[in-house]
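Trainee: Could you go through this structure with me and explain the words people use for it?
Mentor: Gladly. Let us put it in front of us and start.

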Amino acid sequence: VVLQVLLSQAHRLRALLLLRRFFELGPWAVNLALSVGIFPYVLKLLQSPAPDLRQVLVCIWAKILAFDRTCQADLVNNNAHLNFITHLSLDSVHPEQHVMAAFILTGICHRYPPGQSRCL
């Protein structure tokens, strides 16, 4: 159901907030969401210019990378790392958001030379 609602712009933020809460239940929740195909949706949403989505997406991506570091290649191939670099430079976000964005960038760089070179 969450996958369908993510496609609806009117309900997208609420769906992402629910997904974030679900991910907070633990690694099994992240695994379950990834196994039903949430990955391409949250990857595509990183391209959204909506600032209200960005903060929720940072939380979601921190959980995804904590669970599965192999996602780093997809983030680099889609230039999604640039979103997290930009997020770090924003003064308007809570410091916790900066920490999560830095964690994501660290995950992108961890033992992955293409990620390292792209983040420089």
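**Why the words fit**

Mentor: Phe 39 is buried, and Trp 61 is buried as well. Before we go on, this is a predicted model, where local features need pLDDT of at least 70, side-chain atom pairs count only at pLDDT 80 or more, and totals for chains, interfaces and linings use all residues. Residues are numbered from 1 along each chain as its sequence is written, and side-chain values use heavy atoms, with hydrogens and water left out.

Trainee: What makes a residue buried, exposed or partly exposed?
Mentor: Buried means under 20% relative accessible area, exposed means over 50%, and partly exposed is in between, with a 1.4 Å probe and protein chains only. Try Leu 53: its relative accessible area is 6%, and the limit for buried is under 20%, so Leu 53 is buried.

Trainee: Why is Gln 72 called buried or exposed?
Mentor: Gln 72 has a relative accessible area of 9%, so it is buried. Gln 72 lies in helix H6; a helix here is a DSSP run of H or I with at least four residues, a strand is a run of E with at least two, and both are numbered from the N terminus. Leaving aside neighbours within four places in sequence, Gln 72 is in contact (heavy atoms within 4.5 Å) with Leu 65, Gly 107, Ile 108, His 110 and Tyr 112.

Trainee: And what makes Arg 69 partly exposed?
Mentor: The relative accessible area of Arg 69 is 31%, and partly exposed is what lies between the two limits. Arg 69 sits in the loop between H5 and H6. Not counting residues up to four places away in sequence, Arg 69 touches Phe 103, Thr 106, Gly 107 and His 110.

Trainee: How do you know whether Ser 89 is buried or exposed?
Mentor: Ser 89 has a relative accessible area of 53%, and exposed asks for over 50%, so Ser 89 is exposed. Its place is in helix H7.

Trainee: What makes a group of residues a nonpolar core?
Mentor: The group must be a set of buried Ala, Val, Leu, Ile, Met, Phe, Trp, Tyr and Cys residues joined through side-chain atoms within 4.5 Å. The largest one here has 34 residues, and those with the most contacts inside it are Leu 16, Val 42, Trp 61, Ile 64, Leu 75 and Phe 84. Helices H2 (12-23), H3 (27-35), H4 (39-45), H5 (51-67), H6 (72-77) and H8 (95-109) are the elements that give two or more residues to this core. H5 supplies the largest share, 10 residues.

Trainee: Which residues does Leu 16 touch, not counting residues up to four places away in sequence?
Mentor: Leu 16 touches Leu 6, Val 42, Leu 45, Leu 53, Val 56, Leu 57 and Ile 60. Leu 53 is found in helix H5, and the C-alpha atoms of Leu 53 and Leu 13 are 6.1 Å apart in space, with their positions 40 residues apart in sequence.

Trainee: Why are Phe 22 and Trp 28 called edge-to-face?
Mentor: Rings of Phe, Tyr and Trp (its six-membered ring) pair if their centres lie within 6.5 Å; planes under 30 degrees apart count as stacked, over 60 as edge-to-face and the rest as tilted. By this rule the count comes to two aromatic pairs. For Phe 22 and Trp 28 the centres are 5.6 Å apart and the planes are at 85°, so the pair is edge-to-face. Phe 22 is partly exposed, at 26% relative accessibility.

Trainee: What makes Phe 39 and Trp 61 a pair of that kind?
Mentor: Their ring centres are 5.4 Å apart and their planes are at 75°, so Phe 39 and Trp 61 are edge-to-face. Phe 39 lies in helix H4 and Trp 61 in helix H5, so the pair ties together parts that are 22 residues apart in sequence.

Trainee: How do you know whether Arg 111 is buried or exposed?
Mentor: At 74% relative accessibility, Arg 111 counts as exposed. Arg 111 lies in the loop between H8 and helix H9 (113-119), and its phi is near 50°, a positive value in a residue other than glycine.
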